[in-house]
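The exercises below go from the whole chain to single side chains. Each task is followed by a solution in steps.

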Amino acid sequence: MIAPATPASAHGGEGANVTSYRTTITGLSSPMDGLTVRTVEGGARLELTNTTGRAIEVLGYSGEPYLELRADGVYQNTGSPAAYVNQTLAGDTPVPPAADPTAPPTWERIATGDTVRWHDQRTHWLGSARPPQAVADPDHAHRLREWAVPLRDQVRVFELRGTLDYEPPPVTWAWWVGAALLGLLLTALVRRWSRLVAPLAIIAGLSVFSYAVMRGLDGSGWDGVLVLSGALALGAAWRHPPFYLALAGFVLTAFAGLGSSEAFLAAVVPATGPGWLARACIAVTVATGVALALTGLLRMRAAVPTAVDQEPVPA
């Protein structure tokens with residue numbers, strides 16, 4: 001009940017994946033107080049918020065009305081081809097013959113708030129093939145193009161402007177090697193000083209929650225797997241029997257760490273802040289998860305009684 005309202009999305013679609021293409025907003029050609037815009041889900045969508053008290057339209061690919069943010073909610077023109085093309089990030093949804101950009105708009109309210117998110121093909125790199133610049137020089141960043149999305153305030157047309165860049169992937173193997181070495185180091189430290197289990201579990205939980213917050217602030221939503229994994233790790237700081245340590249470490253490594261490891265593969269991560277910070281949180285999650293799991297398994301093994309040969313009792 002106290003959570004903020006979810007922004008309206010112009011259809012579902014997919015997003016929140018790592019990518020090599022960074023969509024950046026440079027500003028509005030005619031700024032307005034109360035009109036704000038940002039990229040969300042790693043640049044997969046644009047998010048427009050209108051608190052100006054005026055009706056603001058987003059124009060489609062033929063200049064037709066596509067979205068309109070009014071005082072009573074967000075409306076979509078079902079006659080705009082963009083309403084169908086923008087259903088997916090790839091823009092591969094068939095456009096019905098009835099969608100005519102020259103026809104009068106047919107408005108359908110899709111939300112009651114003042115914020116809308118949508119895929120926009122003008123801001124993305126379309127297709128699976130890499131751009132020629134990246135093929136020729138994949139190890140450096142390249143400016144692919146500058147883009148503009150037209151907006152309208154009554155009869156005045158202005159633009160939302162930005163850039164699209166290619167960015168090379170991070171050094172994947174270095175992140176994996178770093179996570180593995182850190183995990184082994186933490187395991188050795190906990191074996192040497194057993195009281196380090198509680199601080200280790202706290203670090204594990206905070207690393208997971210940090211990445212979950214970074215994703216949430218970027219508009220990707222709150223990942224229940226990350227939240228549950230972080231809660232299990234923090235629980236190990238309070239009570240840490242061997243089996244619980246092993247279980248929490250396995251869940252942390254397999255679901256929160258390895259499940260988010262795609263961030264090691266591409267430059268743009270669907271999380272607010274720099275990409276290296278998100279990758280560092282994931283690497284720490286993997287390392288602490290491994291350390292907790294190994295610590296729990298080693299303690300369970302030590303707790304198993306060993307058979308001792310008994311000497312015969314003298315008569």
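**Exercise 1. The whole chain**

What share of the contacts in the protein chain with a separation of 6 or more is accounted for by residues 24 or more positions apart? Describe also the overall extent of the chain.

Solution.
- The model is a predicted one.
- Residues 24 or more positions apart account for 69% of the contacts with a separation of 6 or more.
- The secondary structure consists of seven helices and eleven strands.
- The globule rule gives 20 Å for 315 residues, and the radius of gyration of the protein chain is 26 Å, well over that value, so the chain is more spread out than a compact globule.
- The C-alpha trace spans about 110 × 50 × 40 Å along its principal axes.
- Of the 315 residues, 43% are buried.
- The accessible surface comes to about 16,300 Å². Carbon and sulfur atoms hold 62% of this surface.

**Exercise 2. The order of the sheet**

In what order do the seven strands of the open sheet stand, and which strands are at the edges?

Solution.
- The order is 2-11-10-5-6-7-8, with antiparallel pairing.
- Strand 2 and strand 8 (107-111) each have a single partner strand, so one side of each is left without a neighbour in the sheet; these two are the edges.
- On average, neighbouring strands of this sheet are turned by 30° against each other, direction ignored.

**Exercise 3. Strand 11 and its two partners**

How many bridges join strand 11 to strand 2, and how many join strand 10 to strand 11? Then find the residues that stand opposite L160.

Solution.
- Strand 2 (residues 21-28) and strand 11 (residues 156-166) run antiparallel and are joined by seven bridges.
- Strand 10 (residues 142-153) and strand 11 also run antiparallel, joined by eleven bridges.
- On the strand 2 side, L28 has L160 of strand 11 as its bridge partner.
- On the strand 10 side, V149 stands opposite L160.
- The link between strand 10 and strand 11 is a hairpin with two residues between the strands. In its turn, Q154 has a positive phi of about 60°.

**Exercise 4. Strand 6 between strand 5 and strand 7**

Which residues stand opposite L67 in the pairings of strand 6? Compare the two hairpins that involve this strand.

Solution.
- Strand 5 (residues 56-59) pairs with strand 6 in the antiparallel sense over four bridges.
- In that pairing, V58 is opposite L67.
- Strand 6 (residues 65-70) pairs with strand 7 (residues 73-77), again antiparallel, over four bridges.
- Here L67 is opposite Q76.
- The hairpin of strand 5 and strand 6 has five residues between the strands, and G63 in the turn has a positive phi of about 80°.
- The hairpin from strand 6 to strand 7 passes through two residues.
- Strand 6 is mostly covered, with five of its six residues buried.

**Exercise 5. Two side chains of strand 4**

Which side chains make polar contacts with those of T49 and E47? Decide also whether T49 and E47 are buried or exposed.

Solution.
- T49 is in strand 4 (residues 45-50), and E47 lies in strand 4 as well.
- The cut-off for buried is under 20% relative accessible area.
- T49 has a relative accessibility of 17% and therefore counts as buried.
- E47 has a relative accessible area of 9%, so E47 is buried too.
- The side chain of T49 is joined to that of T115 by a polar contact of 2.9 Å.
- The side chain of E47 makes a polar contact of 2.7 Å with the side chain of R117.
- Beyond residues up to four places away in sequence, T49 touches G34, L35, T36, D114 and T115.
- The C-alpha atoms of T49 and L234 are separated by 36 Å, and the two residues are 185 residues apart along the chain.

**Exercise 6. A threonine in a loop**

Where does T123 sit, and which residues is it in contact with?

Solution.
- T123 lies in the loop between strand 9 (115-118) and helix 2 (132-136).
- With 1% relative accessibility, T123 counts as buried.
- A polar atom of the T123 side chain lies 2.8 Å from the backbone oxygen of D120.
- Leaving aside neighbours within four places in sequence, T123 is in contact with T23, L46, R145, W147, V149 and L164.
- One of these, V149, is the residue opposite L160 from Exercise 3.

Terms used
Residues numbered from 1 in each chain as written. Predicted model: local features only at pLDDT ≥ 70, side-chain atom pairs only at ≥ 80, totals over all residues. Heavy atoms only, no water. Buried < 20%, exposed > 50% of the residue type's maximum accessible area, 1.4 Å probe, protein only. Contact = heavy atoms within 4.5 Å. Polar contact = N/O pair within 3.5 Å; in protein donor to acceptor, adjacent residues only side chain to side chain. Pairing = 2+ DSSP bridges. Rg over C-alpha atoms; globule rule 2.2 N^0.38 Å. Areas by Shrake-Rupley, 256 points an atom, 1.4 Å probe, with all protein chains shown as cover. Axes fitted to C-alpha atoms, helices over the stretch in contact; angles between N-to-C directions.
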